[in-house]
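Colleague: Got a minute to go through this model with me? Show it first, then I'll ask.

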Amino acid sequence: MRLVLLGPPGAGKGTQASRLAEGLGIPHIATGDILRGNVADGTPLGREAKAFMDRGDLVPDDVINRMVAARLDEDDAEGGFILDGYPRTVPQALELEGSLRDRGTPLDAVLRFVIAEEELVRRVSGRAQEEGRSDDSADVLRNRLQEYRSKTVPLESFYAERRLLRDVDALGDVDEVARRARATLDDRRGGGAL
Ligand code: ADP
């Protein structure tokens, strides 16, 4: 199964993506994690991305597109994958669509994790304390949400037009949201509504 997860920072996409990936036996590809790994290792990619990430700005599309294309070429992604944090802009979505079309392996679904903004701010400030991520401060979070609204929200209609978008209510505990996400995928596979 080839999936994309959409949702604002703090919606719990990462946690749900790793659960789903484990259950489905496919890799969880989180662009934020790959970027943070490169920053930590001081690679050329990490050096290029760091300033954007620290401000809460998106890293330029061409950089991200190359990084994801290389990851999708690895053997473990052959039988499917869960993309978490990519695409985040319409040009990225077009790039992904084109490269999957070339391989004859289109997406199966896009899960959108839906949550109120007050809850996001609450969750991310908790995470800032626990994990010490440099982009979880209040100002940077505001910018990440702004980037999300202006550049990522347009992907919702992009994927709705392609009949791939499925909503998952992201309010609730981790197990409950995980059950909803699985049910949404199972419905789709059973040929249910939509
Ligand atoms: P979150 O969804 O919690 O904001 P991520 O870990 O997915 O965080 O991403 C952290 C940062 O990495 C983003 O704010 C951005 O700078 C960069 N990034 C991750 N994925 C992308 C992408 N697809 N396009 C551009 N920048 C990205």
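Modeller: We can start with the sheet, then go to helix packing and single residues.

Colleague: Before that, what kind of model is this, and how are things counted?

Modeller: It is a predicted model: local features need pLDDT of at least 70, side-chain atom pairs count only at pLDDT 80 or more, and totals for chains, interfaces and linings use all residues. Residues are numbered from 1 along each chain as its sequence is written, and side-chain values use heavy atoms, with hydrogens and water left out.

Colleague: OK, the sheet. What is the strand order?

Modeller: The order is β2-β3-β1-β4-β5, an open sheet of 5 strands with parallel pairing. Two strands pair if DSSP finds at least two bridges between them. Strands are DSSP runs of E with at least two residues, helices are runs of H or I with at least four, and both are numbered from the N terminus.

Colleague: Which strands stand at the edges?

Modeller: β2 (28-30) and β5 (165-169). Each has a single partner strand, so one side of each lacks a neighbour in the sheet. From one strand to the next, the twist averages 25 degrees. Axes here are lines fitted to C-alpha atoms, for helices over the stretch in contact, and angles run from 0 to 180 degrees between N-to-C directions.

Colleague: And β1: how many of its residues are buried?

Modeller: 5 of the 5 residues in β1 (2-6) are buried. Buried means under 20% relative accessible area, exposed over 50%, and partly exposed in between, with a 1.4 Å probe and protein chains only. R2, V4 and L6 point one way from β1, while L3 and L5 point the other way.

Colleague: What does β1 pair with?

Modeller: β1 pairs in the parallel sense with β3 (81-84), over 4 bridges. It also pairs with β4 (109-114), again parallel and over 4 bridges. I82 in β3 is the bridge partner of L3. V110 in β4 is the bridge partner of V4.

Colleague: Switching to helices. At what angle do α5 and α8 pack?

Modeller: About 30 degrees, with the axes of α5 (90-103) and α8 9 Å apart. That makes α5 roughly parallel to α8, because angles under 35 degrees count as roughly parallel, over 145 as roughly antiparallel, 65 to 115 as roughly perpendicular and the rest as oblique.

Colleague: Which residues make that contact?

Modeller: V90, A93, L94, L96 and E97 from α5, and P154, L155, F158 and Y159 from α8. Contact means heavy atoms within 4.5 Å. By class, there are 8 nonpolar, no polar and 1 charged residues. Ala, Val, Leu, Ile, Met, Phe, Trp, Tyr, Cys and Pro count as nonpolar, Asp, Glu, Lys and Arg as charged, and the others, Gly among them, as polar.

Colleague: How does α7 pack on α8?

Modeller: α7 (138-152) and α8 pack at about 35 degrees, with axes 5 Å apart. Y148, R149, S150, K151 and T152 of α7 meet P154, L155 and E156 of α8. These contact residues divide into 3 nonpolar, 2 polar and 3 charged.

Colleague: How many aromatic pairs are there?

Modeller: The structure holds 1. F158 and Y159 have ring centres 5.0 Å apart and planes at 85 degrees, so the pair is edge-to-face. Rings of Phe, Tyr and Trp (its six-membered ring) pair if their centres lie within 6.5 Å; planes under 30 degrees apart count as stacked, over 60 as edge-to-face and the rest as tilted.

Colleague: Is F158 buried or exposed?

Modeller: F158 is buried, at 8% relative accessible area. Y159 is buried too, at 2%.

Colleague: After α8, where does L164 lie?

Modeller: L164 is in the loop between α8 (154-161) and β5. At 14% relative accessibility, L164 counts as buried. L164 touches L107, D108, A109, V110 and Y159, leaving out residues up to four places away in sequence. The C-alpha atoms of L164 and V110 are separated by 5.5 Å, though these residues are 54 apart along the chain.

Colleague: And R163, buried or exposed?

Modeller: R163 is exposed, at 62%. R163 has a positive phi of about 60 degrees although it is not a glycine. This residue is also in the loop between α8 and β5.

Colleague: Last one. Which residues does the cis peptide bond join?

Modeller: Y86 and P87, with omega about -5 degrees. P87 sits in the loop between β3 and α5.
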